[in-house]
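User: Could you take a close look at how the strands sit together in this model, and at the helices that pack around them? I'm new to this, so please walk me through it slowly.

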Amino acid sequence: MNLEPALNPRPHWAELLGDVTRYAIDFLEHLPERDVSGPVDADGLRAALGGPLPAVGGEPRTVVRQLAAAVAPGLVSSTSGRYFGYVFGGALPVAVAADWLTTVWDQCALLYAASPAAAVTEEVCGQWLVDLLGLPSHASVGFVTGCQAANFTALAAARHHVLADHGWDVEARGLCGAPVPRVLVSASCHASVGRALRLLGLGGQIRQVPCEPSGRMRLDAFRAALGDTRGPLIACLEVGDTDAGQIDPIAPVADLVHRYGGWLHLDAAFGMWAAASPRYRDLVAGLDRADSWATDAHKLLNVPYDSGIVFCAHPDAHGAALRIGAEYLGRDGGERDPVDWVPEVSRRARAFVLWATLRALGRSGVAAIVEHACEHASRLGALLAAADGVEIRNEVVLNQVLVSFRDPYGRDDDLHTRRVVELFQADGRCWGSGTTWQGRAALRLSVCNWSTTDDDIDTCVASVLTAHHRAALAGDRVLL
Ligand SMILES: *Cc1c(COP(=O)(O)O)cnc(C)c1O
């Protein structure tokens, strides 16, 4: 029988992976000089990647070469130290290396029996993280794709717990006829918190609690929203909001929520890591008093996608909400099965990457990566604030800087700010995204990369100010 080239049972690993190593090195070594954005031709990408699926397959080495060439014009250098978009982390070398091996080993982090190495690595990383972040030592841990999945998992545990306290087994009985929980969500919470609640059938119960001008949730408004709550209660706070990096008042809210027998969940995608730095730890005082936490490793910790983590101070509720009892899995229950703590069944063994990263950084390295990002952000904010017509909108507490611009000729500032964002993005040296914050247009700059240097920050300032001046000169004319 003629085998398809891709199905050769004795592939030439050395040649194939040798090619891949060269492509990877070429990408990574040129990253520091490369523009981080530029014009992308979507039709060009479609032409290079598209066409009908060939009837007959190709040689793996050829196909991988074609893939690398076809996607190159559409790759974003988001792991560059000059990329300040969204809250994208970079990828530490040790993490990239461990991630490659994770793919090669292709372990299914489902059950202990499916991969004892993956299961025990999760256990060890879970203990390290709980300790590093100062969470209760008995907290349960799940390794998921990102903070969205972590929010979902944590809030499933919350739903179980608060309804069980009111005599209702939600896993067995569903939500019809259940006691109706009050769900108080800080207005600064990320959209993924709302989506998690929606998926859990609690979308209709959400009450948004307004924020102060700084972006922190108002404690008085939270107290008022609590009212005379007697039934089940879930509260969600933001620890580092995606725009301003603000941290809601954790300790006083924990007091209130627990007085009413409720559950406090923290969305802490990147803010969580402040707890690992002696210098920034006070910002998240009271963090350990929540009932659940959702965070990302692919942001400030700088591991490659995708890597999120959920922690829960009530392992029983966490297990009750997520555990599945499929007989075919043939479990003996002797060891921790990863599947019981996450909403997925088959998953890549992403804890290998965390293990290598945490081991390579150590406690001081994790603190350094957080401090590096926050100090660069603070310097970036200070340099921009010193320029005419530039306003830093947020208190730069963590790694986020929000900037608005005044049109020097007194025209519309929002229009001017949006033009600055466009010109800054088109310049290519750096990249940040636009947003509207508290009703006004702004440029969002997030320092989230281990490799960002002082020079990169200076380049960013120069690029932003050039865009500001060009936008002012161009006035109403179309620029791009
Ligand atoms: C990024 C982010 C999320 C969503 O996390 P994913 O990893 O993209 O799923 C949630 N909350 C905050 C504050 C974020 O910054």
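Analyst: Sure, and keep in mind that this is a predicted model. Let's start with one pair of strands: β4 (residues 233-238) and β5 (residues 263-267) run parallel and are joined by five bridges. To find one of these partnerships yourself, go to Cys-236, whose bridge partner in β5 is His-265. Helix α10 (residues 250-259) packs on the sheet here and touches both β4 and β5. Its direction makes about 155 degrees with that of β5.

Now zoom out to the sheet around that pair. It is an open sheet of seven strands, and if you walk across it you meet β1-β7-β6-β5-β4-β2-β3, with mixed pairing. At the edges you find β1 (140-144) and β3 (206-209); each has a single partner strand, so one side of each has no neighbour in the sheet. On average, neighbouring strands of this sheet are turned by 20 degrees against each other, direction ignored.

There's a second sheet to look at. This one is open too, with four strands in the order β8-β9-β11-β10 and antiparallel pairing. Its edges belong to β8 (390-392) and β10 (433-437), and because each has a single partner strand, one side of each is left without a neighbour in the sheet. The twist from one strand to the next averages 40 degrees. For a pair to zoom in on, try β9 (residues 400-405) and β11 (residues 440-446), which pair in the antiparallel sense over four bridges. There, Val-403 stands opposite Leu-443 in β11. This sheet has a helix packed on it as well: α14 (residues 454-474) touches β8, β9 and β11, and its direction makes about 160 degrees with that of β11.

Last stop: two helices that pack on each other. Helix α5 (residues 116-132) and helix α12 (residues 351-385) have their axes 9 Å apart and meet at an angle of about 25 degrees. Angles under 35 degrees count as roughly parallel, so that is how α5 and α12 are described. As for handedness, α5 passes α12 in a left-handed crossing. If you want to see who's touching whom, α5 brings residues including Ala-117, Val-124, Trp-128 and Leu-132, while α12 offers, among them, Phe-352, Trp-355, Leu-358 and Arg-363. Sorted by type, the residues of this contact are 13 nonpolar, one polar and four charged.

Terms used
Residues are numbered from 1 along each chain as its sequence is written. This is a predicted model: local features need pLDDT of at least 70, side-chain atom pairs count only at pLDDT 80 or more; totals for chains, interfaces and linings use all residues. Side-chain values use heavy atoms; hydrogens and water are left out. Two strands pair if DSSP finds at least two bridges between them. Helices (H or I, at least four residues) and strands (E, at least two) are DSSP runs, numbered from the N terminus. Axes are lines fitted to C-alpha atoms, for helices over the stretch in contact, and angles run from 0 to 180 degrees between N-to-C directions. Contact means heavy atoms within 4.5 Å. Angles under 35 degrees count as roughly parallel, over 145 as roughly antiparallel, 65 to 115 as roughly perpendicular and the rest as oblique. A crossing is left-handed if the near helix is turned anticlockwise from the far one by less than a right angle, and right-handed if clockwise. Ala, Val, Leu, Ile, Met, Phe, Trp, Tyr, Cys and Pro count as nonpolar, Asp, Glu, Lys and Arg as charged, and the others, Gly among them, as polar.
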